[in-house]
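I am opening a notebook on a structure I have not looked at before. The entries below follow the order in which I looked things up.

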Amino acid sequence: MGLFDRFRKPPVTTTEMLIVPNRAVRSSQLMQLEGAILNVLDEMERLPAWRNPRWQAQAQEFTSVVATVRDMRQRDYDWQELMDVAFEVRPVLKGGETPEGMNHLVELQATMMAVATALTQARDDEVQSDA
């Protein structure tokens, strides 16, 4: 019986939660994200690993995210768009030991990831009950 429980649809709830971004707060966070990404890009360009094709590809992704963030700040956006842009932000260096000379990049990356994570956290004033 437990095996087939996994395939059953979850019970339908009578109320669903709707999240409407608080533009005043989120626009500020989007601006912080843009600045954090630009700081990471700036630091990446200073390092010898800049010639690495993976870094070049990631730099292009970051540039695309910055363009999206700038666009979003100028118009209305919904919760899903906010989530999408936050999840496009990925760390340059992942786990393990920090390569020599990249401590500052790790610090900048931590700031960037913290801002991106904050964008994915619904605030109390954004959650609405949709009956």
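**Entry 1: the start of H3.** I began at the N-terminal end of H3, which is capped by Asn52. A side-chain oxygen of Asn52 lies 2.7 Å from the backbone nitrogen of Arg54. I note here that the model is a predicted one.

**Entry 2: the length of H3.** I checked helix H3, residues 53-73, against its expected span. Its 21 residues should span 30 Å at 1.5 Å a residue, and the end C-alpha atoms are 30 Å apart, so the two agree.

**Entry 3: the sides of H3.** I listed the buried residues of H3 as Trp55, Gln58, Ala59, Phe62, Val65, Val66, Val69 and Met72. They cover an arc of only 140° around the axis, so they sit on the same side of H3. On the other side of H3 I found Pro53 and Gln60 exposed. I then asked which helices the buried residues of H3 pack against. They pack against helix H2 (23-46), helix H4 (79-87) and helix H5 (103-119).

**Entry 4: confidence.** I looked up the mean pLDDT of the chain, which is 88, with 86% of the residues at 70 or more. Confidence is highest in H2, at a mean of 96, and lowest in helix H1 (residues 2-5), at 52. Where pLDDT is low, the predicted coordinates should not be read in detail. I left the details of that helix alone.

**Entry 5: the chain overall.** I counted 5 helices and 2 strands in the chain. Along the sequence the pattern reads α-β-α-α-α-α-β. Of the 131 residues, 31% are buried. Among the contacts in the chain with a separation of 6 or more, 78% join residues 24 or more positions apart.

**Entry 6: H2.** I turned to H2, which has 24 residues. From first C-alpha to last, H2 reaches 34 Å, close to the 34 Å expected at 1.5 Å a residue. At the start of H2, a side-chain oxygen of Asn22 comes within 3.1 Å of the backbone nitrogen of Ala24. The buried residues of H2 include Arg26, Ser27, Gln29 and Glu34, as well as Leu30, Leu33, Ile37 and Val40. The buried residues of H2 pack against H3, H4 and H5.

**Entry 7: two residues of H2.** I compared Ala24 and Leu30, both placed in helix H2. Which of the two is buried and which is exposed? Ala24 has a relative accessible area of 62%, so it is exposed. Leu30 is at 0%, so it counts as buried. I looked up Arg73 relative to each. The C-alpha atoms of Ala24 and Arg73 are 9.9 Å apart, with their positions 49 residues apart in sequence. For Leu30 and Arg73, 43 residues apart along the chain, the C-alpha separation is 7.2 Å. Beyond its neighbours within four places in sequence, Leu30 is in contact with Val69, Met72, Arg73, Tyr77, Leu82, Val85 and Leu119.

**Entry 8: the core.** I asked which residues touch the most other members of the largest nonpolar core. They are Leu33 and Ile37, in a core of 31 residues. H2, H3, H4 and H5 are the elements that give two or more residues to this core. Setting aside neighbours within four places in sequence, I found Leu33 in contact with Val69, Val89, Met112, Val115, Ala116 and Leu119.

**Entry 9: H5.** I measured nothing by hand here; the computed reach of H5 is 25 Å from first C-alpha to last over 17 residues, close to the 24 Å expected. Its buried residues are Leu105, Leu108, Gln109, Met112, Val115, Ala116 and Leu119. Seen down the axis of H5, they fall within an arc of 125°, so they line one face of the helix. The face turned away from that buried side carries the exposed residues Asn103 and Glu107. The buried residues of H5 pack against H2, H3 and H4.

**Entry 10: a buried loop residue.** I ended at Glu126, in the loop between H5 and strand E2 (127-130). Is Glu126 buried or exposed? Its relative accessibility is 0%, so Glu126 counts as buried. Beyond its neighbours within four places in sequence, Glu126 is in contact with Leu18, Ile19, Val20, Pro21, Asn22, Arg26, Trp79 and Gln121.

Technical notes: Residues are numbered from 1 along each chain as its sequence is written. This is a predicted model: local features need pLDDT of at least 70, side-chain atom pairs count only at pLDDT 80 or more; totals for chains, interfaces and linings use all residues. Side-chain values use heavy atoms; hydrogens and water are left out. Helices (H or I, at least four residues) and strands (E, at least two) are DSSP runs, numbered from the N terminus. The expected span of a helix is 1.5 Å times one less than its number of residues. Buried means under 20% relative accessible area, exposed over 50%, partly exposed in between (1.4 Å probe, protein chains only). The arc is that of the directions from the helix axis to the C-beta atoms. Contact means heavy atoms within 4.5 Å. A polar contact is a pair of N or O atoms within 3.5 Å; within protein, one must be able to donate a hydrogen and the other to accept it, and residues adjacent in sequence count only if both atoms are side-chain atoms. pLDDT is the predictor's confidence in each residue, from 0 to 100. A nonpolar core is a set of buried Ala, Val, Leu, Ile, Met, Phe, Trp, Tyr and Cys residues joined through side-chain atoms within 4.5 Å.
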